[in-house]
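Here is a colleague's note to read alongside the model on your screen. Keep the viewer open and find each part as you reach it.

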Amino acid sequence: MNRREWDLILVGGGLANGLIAWRLRQQQPALRVLVLEAGMQPGGNHTWSFHHDDLTPAQHQWIAPLVAHRWPGYEVRFPARTRTLHGAYLSMTSERFAAVITGALGENLRTATPVAHLTPDAVTLASGQALQAGAVIDGRGYRPGPHMTVGFQAFVGQQWLLEEPHGLTRPILMDATVDQQAGYRFVYTLPLSAQSLLIEDTHYIDRPTLNNEQARQHIHDYAHQQGWRLKTLEREEQGNLPITLAGDSRAFWREQAGQPCSGLRAGLFHATTGYSLPQAATLADLIASQRDFTAAALSDVIGQYARGQWRRQRFFRLLNRMLFLAGRADQRWQVMQRFYGLNEGLIARFYAGRLTPFDKARILTGKPPVPPGEALRAILKQTPRLRAFNDE
C-alpha cells in the first residue's frame, strides 16, 4: 500500500464520521476517504433523533436518505402537565444508517477493523498494518477528561413488537409521571410502526451507574401500565450521554495536541439534551466545504467550530447546574415540568440551541422550581456538589 493512499481517514464509523463521509461523497467525490470501524457495521446499535428546526432546509435535503421515521409532533407528560407540541420530530436508525453509508462507501469502508493507535496523519491497526493520510479524524465517541465536568443521561432502550396495535400517533418524548428514584427519570417512547415501539428508560444522573436489569424491568412495568402487551424483543440499545455542567474549552483543545476529532470526541453535542446529530450535520457541512485536508488545517477548522459552540452553550450549562446541583435529585422533574409550560417557539429554539436573550430571560423569570439559594450557588459554581463531581 502506498504511504499516502488516503486523503482522509475517519477512525470510528459512528454518527459524526458517517455523516462526514456521506457529505464528502456528495460534495467532493474525488477525495480519497477511508472509514475504519471496529464493529461489524457503521453506526453500531443506536437511534438518533432530532427536531425539524434543529437543521437547515439544505441539511434536511442531504440527510433525508438516512431518516427512517418522521412524526408531526410529540407529547410530554408530567405530574401536573401533559402537552402535545407540533414541531416535527425525526429519527435515524442504525439499520438505515448502516445500509446507506455502506452502499455509498463500498470498499472505502472497513468494518471489524479495530485501531491500536492513531496520530493526526497516521493510523496503526490492531493487526499491525500502518496507514497514512493527509489527516486522520478521531470519531470514537465520548472520552472522559479533566477539562469537562458532566452528569449523564443514561438509558436502556428496547424495541418491541406488540401483540396488537399500540394506538400512538406521535412519540412520547418524556413521561415523567413515573417513579423518579435517584434522579430525573422519564420514559421515552417512539412508535416505529402500528405494532412496534422503542421504549427507553432514561435517567439524568450524576454518574453513569444505571442498573440495566432494573431498567429492563422498568420497561416491562411501563408497558403493562400503558396496556401494551409485549410479544417479541427485536433489539436493545444502551447509552450514557454526557450532560455538561462546566469546563475549560481551551484546555480541552490544547490536550488534543492537533488531533482532529468529531462528534462526542470533540465535545460536539447539545449540553442539556446530549443530542449530537445537529452539530454532527453542521460539522459534516463544514468539512465538506474545505479544500485543505491536512491535519493542521482540519484541526484548526474543527477546533474553531467546537469552541464557538462551547461559547454559545454557556446558558445551557448554567441550566444544567441548576438541574443537577440545586434541590433534591428526585425533584428534578419540576424543572422540566415548568420548562414545558413555556412558549412552543421557545422550546423549539431551546432544542436547536438558538435561544434569544428574551428566551433566556423568560426561562429564568418567576419562582424557580428549586430552592433559590441553591440555584444561585449552582449558577455561580459555588456549590460543594460541583466540586464533588470533579473530585470523584
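The points below go through the sheets, one strand and one residue in detail, and then the empty spaces.

1. A word before we start: what you are looking at is a predicted model. Please keep that in mind for every number in this note.

2. Begin with the seven-stranded sheet. This sheet is open, and its strands come in the order β6-β5-β13-β14-β15-β12-β16, with mixed pairing. Why is one side of β6 and of β16 left without a neighbour in the sheet? Both stand at the edges and each has a single partner strand, so there is nothing beside them on the other side within the sheet. Neighbouring strands here are turned by 15° against each other on average, direction ignored.

3. A general reminder helps at this point. Strands of a sheet pair through backbone hydrogen bonds, and the pairing can be parallel or antiparallel. You can see one of these cases with β12 (residues 148-162) and β15 (residues 196-205), which run antiparallel and are joined by ten bridges. To find the place on screen, look for Leu-161, whose bridge partner in β15 is Ser-196.

4. Now zoom in on β5, which covers residues 74-78. How does β5 run relative to β6 and to β13, parallel or antiparallel? With β6 (residues 81-85) the strand runs antiparallel, and five bridges join the two. With β13 (residues 172-175) it runs parallel, over three bridges. The link between β5 and β6 is a hairpin, made through two residues. Arg-77 is a handy landmark for both pairings: Thr-82 stands opposite Arg-77 in β6, and Asp-175 is the bridge partner of Arg-77 in β13.

5. Stay with β5 and turn the view to look at its two faces. In a regular strand the side chains alternate between the two faces of the sheet. On one side of β5 you will find Tyr-74, Val-76 and Phe-78, and on the other Glu-75 and Arg-77. Are these residues buried or exposed? All of them are buried, and both faces of the strand are covered.

6. Asp-175 deserves a point of its own. This residue sits in strand β13. Its relative accessible area is 1%; buried means under 20%, so Asp-175 counts as buried. Which residues does Asp-175 touch, leaving out those up to four places away in sequence? The answer is Arg-77, Arg-185, Phe-186, Val-187, Tyr-222 and Gln-226. Asp-175 also shows how a fold brings parts of a chain together: Asp-175 and Val-76 are 99 residues apart in sequence, yet 5.9 Å apart in space, C-alpha to C-alpha.

7. Next, the six-stranded sheet. This sheet is open too, with mixed pairing and the order β8-β2-β1-β11-β10-β9. The edges are β8 (109-110) and β9 (115-119); each has a single partner strand, so one side of each lacks a neighbour in the sheet. Further in, β1 (residues 6-11) and β11 (residues 130-138) pair in the parallel sense over five bridges, and Leu-8 has Ala-135 in β11 as its bridge partner. Helix α7 (residues 295-312) packs on this sheet, where the helix touches β1 and β11, and its direction makes about 15° with that of β11.

8. On to the empty spaces, starting with the largest pocket. This pocket holds about 940 Å³ of space. Its lining has 50 residues, and those nearest the centre are His-46, Trp-48, Leu-241, Leu-264 and Ser-276. Which strand gives the most to this lining? That is β16 (residues 230-247), with five residues. Sorted by class, the lining has 23 nonpolar, 22 polar and five charged residues.

9. Last come the cavities. How many cavities of 30 Å³ or more does a search of the whole structure find? It finds three. The largest has a volume of about 70 Å³, and its lining includes Met-148, Phe-252, Trp-253 and Ala-306. Helices α5 (249-256) and α7 are the elements that give two or more residues to this lining, and α5 gives the most, with three. By class, this lining has six nonpolar, two polar and no charged residues.

10. Compare that with the second largest cavity, which holds about 60 Å³. Among the residues lining this second cavity are Thr-244, Phe-269, Gln-309 and Arg-317. Its lining has three nonpolar, four polar and one charged residues.

How values were computed:
Residues are numbered from 1 along each chain as its sequence is written. This is a predicted model: local features need pLDDT of at least 70, side-chain atom pairs count only at pLDDT 80 or more; totals for chains, interfaces and linings use all residues. Side-chain values use heavy atoms; hydrogens and water are left out. On a 1 Å grid over the protein atoms alone, a cavity is a set of points where a 1.4 Å probe fits but cannot get out, and a pocket is an open set with protein on both sides within 12 Å along at least five of seven lines; lining residues have an atom within 4 Å of a point. Grid points are joined across faces, edges and corners, and a volume is the space filled by probe spheres set on the points. Helices (H or I, at least four residues) and strands (E, at least two) are DSSP runs, numbered from the N terminus. Ala, Val, Leu, Ile, Met, Phe, Trp, Tyr, Cys and Pro count as nonpolar, Asp, Glu, Lys and Arg as charged, and the others, Gly among them, as polar. Buried means under 20% relative accessible area, exposed over 50%, partly exposed in between (1.4 Å probe, protein chains only). Two strands pair if DSSP finds at least two bridges between them. Contact means heavy atoms within 4.5 Å. Axes are lines fitted to C-alpha atoms, for helices over the stretch in contact, and angles run from 0 to 180 degrees between N-to-C directions.
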